[in-house]
Amino acid sequence: MRRIISISSGKGGVGKTTFAINFALSLSQVAPTILLDLDTGTSSVRNTIDTPVTQDLYHFFRRGARLDECLTTLDARLDPAGNFKNFAFVAGPRHVIDEITNMREESRWRLMQAINGLDARYIVLDLKAGLDANVIDYLPLSNSSILVFTPHHPAATLAAGDIVKSLLFRKLRFIFAEGSPFFGSEGNEQHQAMINGLLNQVEDVYDERLKNLDDFMIDLYEALGDNPYLRAISEVLNSFGVYFVLNMFDGIEESYQTTIRPFVEYLRTYVSAKLHLTNLGWVVNDARIHEANCQRRPILLQTLNRQESSVDAIRREIASLESSILGLENMRVPESAAPASILDELTRIDPTCTVERQLEILQHMYHSQGQQRVRENFAYITHRALHVMQHLPPDSFGHPRLFSPLEIFDQLMPKRAPIEEASLP
Ligand SMILES: Nc1ncnc2c1ncn2[C@@H]1O[C@H](COP(=O)(O)OP(=O)(O)O)[C@@H](O)[C@H]1O
Ligand SMILES: [Mg+2]
């Protein structure tokens, strides 16, 4: 099954491209992998990989080339031993072109369909920084895919929290859109207006009345008692996975205090305390990574020093680690059995989400990973991501395809009569 892994960050400069390139290189050692540079306007992937590009997204948008005709494989100089034969990338255009910088829905959907048709096991998307449809539409419905942040850029960490919030609200807006079967065949306009009004209050940080979705659920319970809307929101929150990678890791204490703690607290305050968080690992802050980028030969393509390779050891170690240590045990398929009481459900906070638990996981990971070298950081994250994909259903991580808004709507409301495009939210 094809798996798409989107890499995003609230802001630029956190090492998203560096991570995306080395992560894709690392995945390609497992199965064919394609990296797409969707960080519009920066052309950063091609500038970091010293390989001639003959066709890129310009050719896709302006010259009628198929996306698979715009693939670039590594120049033999960069990969003399052919270790990365399964790696290819689609470069961004050499200069700004409007279809990409201001990608409209139509171009975006054309590109999304082409991505869905690519022949590779893993597809890694290096998304642009920030938060608009050119980021959100490439992210899955039920998880954050990989967020990258760093202790060196606190504003980017909070912006990553905003991405999570936007994804959750996108899903809830779809679920509670006009015409949703939730409101019955007659359409309960009063409830629809009330729910969307409350969602507006939560989403608007300037509106003090409702701070987050947990408060929203309690309000909704007080207004209507146990009700299907409440259960739907609870289900969305319980099944939503947040995955992140720390770049430029500087040790447990610093990374925890300046990055994980504020991230978790932001989510708890403005979104919900119920989200499942998974730290996929970290990449240390190392001048060699930066130098490798400047030489246009990413760190994983630097000549391998024999003692440095221990991917097999990492694989063994991950296999032997209890999944509880990896913080995976509670990332599960939502239980089918209804909770004992809706109030229990409302007030129950998953222990994997607490700040303290995140520190504990970080310490466990450091215990096993602390002495690793730079390139092993990427191998560790890759194997952890593969582990997640193996053990959880596809909508938990690594989305099998990208969906247009219309398809999302259909997917969330399977029993509804076909709708007109115009009536979409
Ligand atoms: N782990 C790291 N250690 C040292 N330098 C890094 C690391 N990750 C990224 N960099 C450097 O930080 C800068 C920003 O990285 P880049 O990958 O372009 O970020 P983004 O794509 O988020 O804008 C680059 O100069 C890069 O070489
Ligand atoms: Mg970048």
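**Notebook: ligand 1 and two helix pairs**

I started with the surroundings of ligand 1 and found 16 residues around it, of which G13, K16, T18, V284 and H290 come nearest. I note that the model is predicted.

Next I looked up polar atoms beside the ligand. I found a polar backbone atom of G13 at 2.7 Å from an oxygen atom of ligand 1. For G15, a backbone N or O atom lies 3.0 Å from an oxygen atom of ligand 1. T17 uses its side chain: I read 2.9 Å between a polar atom there and an oxygen atom of ligand 1.

Then I turned to helix packing. Two packed helices are described by the angle between their axes and the distance between the axes.

I took α8 (residues 189–203) and α9 (residues 213–224) and found that their axes come within 10 Å and cross at roughly 150°. An angle over 145 degrees counts as roughly antiparallel, so I wrote down α8 as roughly antiparallel to α9. I recorded the crossing of these helices, α8 and α9, as right-handed. On the α8 side I listed H191, M194, I195, L198, L199 and V202, which meet L213, F216, L220 and L224 in α9. By class, I have 9 nonpolar residues, 1 polar and no charged ones in the contact of α8 with α9.

My other pair was α7 (residues 154–175) and α11 (residues 252–270), whose axes come within 9 Å and cross at roughly 35°. I noted a right-handed crossing for α7 and α11 too. Among the contact residues I found L158, D162 and K165 of α7 and F263, Y266 and L267 of α11. I entered the classes for α7 with α11 as 8 nonpolar, 3 polar and 2 charged.

Key:
Residues are numbered from 1 along each chain as its sequence is written. Chains are lettered from A and ligands numbered from 1 in the order in which they are written. This is a predicted model: local features need pLDDT of at least 70, side-chain atom pairs count only at pLDDT 80 or more; totals for chains, interfaces and linings use all residues. Side-chain values use heavy atoms; hydrogens and water are left out. Axes are lines fitted to C-alpha atoms, for helices over the stretch in contact, and angles run from 0 to 180 degrees between N-to-C directions. Helices (H or I, at least four residues) and strands (E, at least two) are DSSP runs, numbered from the N terminus. Angles under 35 degrees count as roughly parallel, over 145 as roughly antiparallel, 65 to 115 as roughly perpendicular and the rest as oblique. A crossing is left-handed if the near helix is turned anticlockwise from the far one by less than a right angle, and right-handed if clockwise. Contact means heavy atoms within 4.5 Å. Ala, Val, Leu, Ile, Met, Phe, Trp, Tyr, Cys and Pro count as nonpolar, Asp, Glu, Lys and Arg as charged, and the others, Gly among them, as polar. A residue is near a molecule or strand if one of its heavy atoms lies within 4 Å of it. A polar contact is a pair of N or O atoms within 3.5 Å; within protein, one must be able to donate a hydrogen and the other to accept it, and residues adjacent in sequence count only if both atoms are side-chain atoms.
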